[in-house]
Amino acid sequence: MNELAPNVFAVTGLGLYSVPVFVIKANENELVLIDAGLKKDAKTILKKIKNKWGSLDKIKKIVFTHRHLDHTGGLPQILKAIELANENSSVELICHEKEAEHFIEELKEYGIKPTRTVKHEEYITKDVKIKAIHNPGHTYGHICLLLEDEKLLLLGDTIMYISGVLMPVFKAFHDDYKQYKKSLPKLLDYDWEYAIPSHNRPLKITREKVEKFIKKMKKKK
Ligand SMILES: [Zn+2]
């Protein structure tokens with residue numbers, strides 16, 4: 001586990017192009033997972049959480065930035081493992097209200113549905129202030145997660161970081177690229193100092209670098 005801020009961790013040991021998976025310790029009895037990684041990452045995620053917190057039954061919430069399988073593929077295995085660890089345990093599966101129906105479709109073969117949907121600027125939990133920022137375009141219901149006290153923004157697939165360069169996800173993988181470009185600058189309306197992009201090891205990128213990227217994107221078609 002890589003500690004990014006007090007009570008905010010990223011799972012280490014995932015593949016280079018896997019998406020980062022975060023674990024937030026909301027309180028002594030509650031862990032919040034952000035995204036569930038690729039199917040092949042589930043084992044590592046579970047092992048690292050067990051090593052750090054002793055068991056899996058503290059995982060009470062899993063929040064999804066969006067439905068894509070590189071962010072949700074590990075979920076079936078993770079859910080199974082939590083149920084085995086504690087059959088009384090119920091886990092909230094959370095996504096934005098506009099993502100829910102697509103999420104259900106994406107995970108159809110497993111019959112997994114979100115159990116809670118959130119709106120723009122709704123808090124996931126207030127123990128550690130995690131706010132959902134609806135940033136549509138990559139998918140209609142894509143959210144970034146703002147950790148208010150830590151001034152940290154988890155970008156989901158809004159921005160990737162490949163070979164030292166910030167970039168958008170390839171056009172073909174967006175639900176609506178125009179909407180993506182329009183909603184991108186809105187991330188600067190919030191108070192954060194560092195952001196963590198996708199598809200790389202979890203790295204803190206300064207606000208200044210993200211601002212430059214957004215400026216560059218404004219000029220792009
Ligand atoms: Zn995606």
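This report describes a strand sheet, a nonpolar core and one loop residue in a predicted model.

Residues are numbered from 1 along each chain as its sequence is written. Because the model is predicted, local features need pLDDT of at least 70 and side-chain atom pairs count only at pLDDT 80 or more, while totals for chains, interfaces and linings use all residues.

**The sheet**

Strands (E, at least two residues) and helices (H or I, at least four) are DSSP runs, numbered from the N terminus. An open sheet of 7 strands follows the order β1-β2-β3-β4-β5-β6-β7, and its pairing is mixed; two strands pair if DSSP finds at least two bridges between them. At the edges stand β1 (2-5) and β7, each with a single partner strand, so one side of each is left without a neighbour in the sheet. From one strand to the next the twist averages 25°, an angle taken between N-to-C directions, on a scale from 0 to 180 degrees, of axes that are lines fitted to C-alpha atoms.

The table lists parallel pairings in this sheet, with a bridge partner for each.

| Strand pair | Bridges | Bridge partners |
|---|---|---|
| β4 and β5 | 4 bridges | L33 and I62 |
| β5 and β6 | 3 bridges | I62 and L93 |
| β6 and β7 | 3 bridges | C95 and T117 |

Strand β4 (residues 30-34), helix α1 (residues 42-53) and β5 make a right-handed β-α-β unit, where right-handed means that, with the strands pointing away from the viewer, the path from the first strand over the helix to the second runs clockwise. Strand β5 (residues 59-63) is mostly covered, as 4 of its 5 residues are buried, that is, have 20 or more other C-beta atoms, placed from the backbone, within 10 Å of their own.

**The core**

The largest nonpolar core, a set of buried Ala, Val, Leu, Ile, Met, Phe, Trp, Tyr and Cys residues joined through C-beta atoms within 7 Å, has 56 residues, and V21 and L145 have the most contacts inside it. Strand β10 (residues 143-147) gives the largest share of this core, 5 residues. Leaving aside residues up to four places away in sequence, L145 touches I34, V63, I130, A132 and L154, contact being counted when C-beta atoms, placed from the backbone, lie within 7 Å.

**A loop residue**

G111 is found in the loop between α4 (100-106) and β7 (116-118). With 8 other C-beta atoms within 10 Å, G111 is exposed, the cut-off for which is 12 or fewer. G111 and E101 are 10 residues apart along the chain, and their C-alpha atoms are separated by 12 Å.

Methods: Contact = placed C-beta atoms within 7 Å.
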